[in-house]
Amino acid sequence: MKKVNEALHLRRPRRWWWRRKRPLAVTPEGNTEQLRSRKTVVSTRAEKGDLVILSNGPGEVATWVIPVVREIHARRQRMKTKGGGDGDGDGGGGREESLRISVVFAPCPHASGREHEWVSCIPEVDRCLSADNFWKFIFAGKKGFELESKRWDWREKGVVLFLGGDQFNTVVAGLRLNYETASYCNEAVRWNGLINWISLRSENLAVEKPRWNTRQEVVGDLLRSAVAQGREEAAARGMMEKLGGKELDGKEEETKTILLLPGSKHAKLLVGVPYFIAVAQHMHRTMACRCRFVLPLAPTVTLEQLQAYFSPEKNFVVNKHQWLGTSELRLETHQAEHERIGLSSEYVGDIVSRTRGESEGLPPREEGLKIEVYRGLLPPYDVYRSSDLAITTVGTNTAELAYLQVPMLCVLPTHELSAFKGSAGGLLGLLMSLPGVLGDIVAGIVNAYVVKRIKHFALPNMWARRSVVPELVGKVTPETAAKHARSLIEDPSTLQDMKEDLSLVCKANDGEAPSDPASVIASRCIQLASGEEEGEEQEQGARWSNRGIQMQ
């Protein structure tokens, strides 16, 4: 790994012709004696720039954006705490400004449209721009623009960081703002030579001959930082109590916790919510042991929307497929809809199932199904870890579960393929997004081809190129999915083998990358925002290497 990183740093990047050489920073009073070392100069300049993060969907926000902004905010807080600095610290002393974090969303078919509302509630983010105003941001450029009586201005120095969407947006935004550019590449490197610094999930993504001013560095899977931060949060406030047994009629009875993850986007929830509730119903009726079902709700989904997804009057899928049978579902909330959502996941209500015509006084085993609903701004990793089995759809959550070593069953029901509009780009993507019957027909044909062509859907299976976790793809009935889940939950040895296999796959996926990718990316963004020169970078080599970053 060390040789790979050294090879990636052999070429000294050239400065773009429109990049002007920036002078060293001085204090507002012009007194350079307060800057005790070159180290302090770099830190002071870095803290007075702009960080513009470009992103798109809920998965990227949860696992890429949040870890990076929290890491940068933690460094910002440490610098404020240290005050004047002591030569060995990062403090600059007496600063009135700090590195300003702006998150800008680009239009994307995979987005829910409410990501900006979610990110705006995160205290570490200074300001957020929705995808509706993305082109206004691009066309206005450095001069800024007015939005809802607020001025979006830009500082002299800064860096544009790509964390989801189209990498070309990073190039355009960097040109318009005259900022340095950086990107995190999870699957492929694009626009090599037009981005100043590229962080790579794996060394397999490295470009053999970087063009012009591009630097590359293997940082590892950014999802690992998100999981690590989630574990720290859970440990700080105390893990959610895991119900390994519950007293019932004076007797101890074993309880299995089943996690339901139907997704976070409209197309997935449209099918996933009634489908996964039906799976829970069948497991509740047939399981020999007592089951506790938990549904963590994405921050972009409101309780009102959740209720609409399993309502026969508001979701045509419920009536069309009759997965819920004669059951009557209702949402019993313990949180007002307008109440501000908290950072950590909180218990907000229950989805209660009752059979029509049932009489009162039935034994507890014959009561209707109850699914606990949790909601929060940050991914509920404490809820994940408390589960014995997760029934999940495809997406980022399969990787999160893998890093947390939670056994899972990945289910992709294809009963309504026309609902998924974002599986292709270019001309096909435009045809799929057309309203009406034509768009549905094209979406159904394209999605059927994609489903047939892809061998593995769960991310741990993609990493290992084999079946690590079981997958059910196609027009699978809820009864069949419940039967597979039941066979897993009743076989502890299989669950334990799956945990061990997931641990090995995640270690192989990480390789010898740094232990905290978010820390690496945060350090590089601060360095780029500071506008360090060649001599400064060489003098700072020891400082960055202490934080797990190899400088050339």
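Angles under 35 degrees count as roughly parallel, over 145 as roughly antiparallel, 65 to 115 as roughly perpendicular and the rest as oblique. With that scale in hand, the packing of helix 8 against helix 16 in this predicted model is a good place to begin. The two axes come within 8 Å and cross at roughly 55°, so helix 8 and helix 16 are oblique to each other. The handedness of this crossing is right-handed. On the side of helix 8, the residues that take part are Tyr275, Ala278, Val279, His282, Met283 and Thr286, and they meet Pro478, Glu479, Ala481, Ala482, Ala485 and Arg486 of helix 16.

Helix 8 also leads into the nonpolar interior. In soluble globular proteins, nonpolar side chains tend to be buried together. Here the largest nonpolar core has 77 residues, and helix 8, spanning residues 266–286, gives the most to it, with 11 residues. The residues with the most contacts inside this core are Ile258, Met283, Phe293, Ile351, Ile371 and Ile391. Met283, listed among these, is also one of the helix 8 residues that meet helix 16. The surroundings of Ile371 can be followed in some detail: leaving aside neighbours within four places in sequence, Ile371 is in contact with Leu260, Ile277, Ala280, Phe293, Val294, Leu295, Gly349, Asp350 and Ile351. Separate from this core is a second one of 37 residues, which includes Ala62, Ile72, Tyr184 and Leu378.

Attention now turns to charged side chains. Side chains of opposite charge can pair when their charged atoms come close. The structure holds 13 salt bridges, among them one between Arg524 and Glu217, with the closest N and O atoms 2.9 Å apart. Arg524 lies in helix 18 (residues 517–530) and Glu217 in strand 9 (residues 215–218), so this pair ties together parts that are 307 residues apart in sequence. Both Arg524 and Glu217 are buried.

A further salt bridge joins Arg466 and Asp501, at 2.8 Å from N to O. This pair, too, links distant parts of the chain, 35 residues apart: Arg466 sits in the loop between helix 15 (459–464) and strand 18 (471–474), while Asp501 belongs to helix 17 (residues 492–510). The two partners can be placed by their accessibility. Arg466 is partly exposed, with a relative accessible area of 38%, whereas Asp501, at 18%, counts as buried, because the cut-off for buried is under 20%. In the salt bridge between Glu332 and Arg330, the closest N and O atoms are 2.9 Å apart. Glu332 is partly exposed at 31% relative accessible area, and Arg330 is partly exposed at 37%. Salt bridges also form a network, in which Asp50, Arg100, Arg127 and Asp153 are linked.

Next to Arg127 in the numbering comes Cys128, found in strand 3 (residues 127–129). Cys128 is buried, with a relative accessible area of 17%. Not counting residues up to four places away in sequence, Cys128 touches Val103, Phe105, His116, Val119, Ser120 and Trp152. Cys128 and Ile53 are 75 residues apart in sequence, and their C-alpha atoms are 9.4 Å apart in space.

Several helices are worth a closer look for their buried residues. In helix 6 (residues 168–177), Asn169, Thr170, Val171, Ala173, Gly174 and Leu177 are buried. The elements that cover these buried residues include strand 1 (50–55), helix 5 (134–140), strand 6 (158–162) and strand 7 (180–185). Helix 6 is followed by Asn178, which has a positive phi near 60°.

Helix 12 (residues 396–403) is mostly covered, with 7 of its 8 residues buried. These buried residues are Asn397, Thr398, Ala399, Glu400, Leu401, Ala402 and Tyr403. After helix 12 comes Gln405, with a positive phi near 60°.

Finally, Val446 is found in helix 14 (residues 437–453). Val446 is buried, at 11% relative accessible area. The C-alpha atoms of Val446 and Leu428 are separated by 8.0 Å, with their positions 18 residues apart along the chain.

Terms used. Residues are numbered from 1 along each chain as its sequence is written. This is a predicted model: local features need pLDDT of at least 70, side-chain atom pairs count only at pLDDT 80 or more; totals for chains, interfaces and linings use all residues. Side-chain values use heavy atoms; hydrogens and water are left out. A salt bridge is a side-chain nitrogen of Lys or Arg within 4 Å of a carboxyl oxygen of Asp or Glu. Helices (H or I, at least four residues) and strands (E, at least two) are DSSP runs, numbered from the N terminus. Buried means under 20% relative accessible area, exposed over 50%, partly exposed in between (1.4 Å probe, protein chains only). A nonpolar core is a set of buried Ala, Val, Leu, Ile, Met, Phe, Trp, Tyr and Cys residues joined through side-chain atoms within 4.5 Å. Contact means heavy atoms within 4.5 Å. Axes are lines fitted to C-alpha atoms, for helices over the stretch in contact, and angles run from 0 to 180 degrees between N-to-C directions. A crossing is left-handed if the near helix is turned anticlockwise from the far one by less than a right angle, and right-handed if clockwise.
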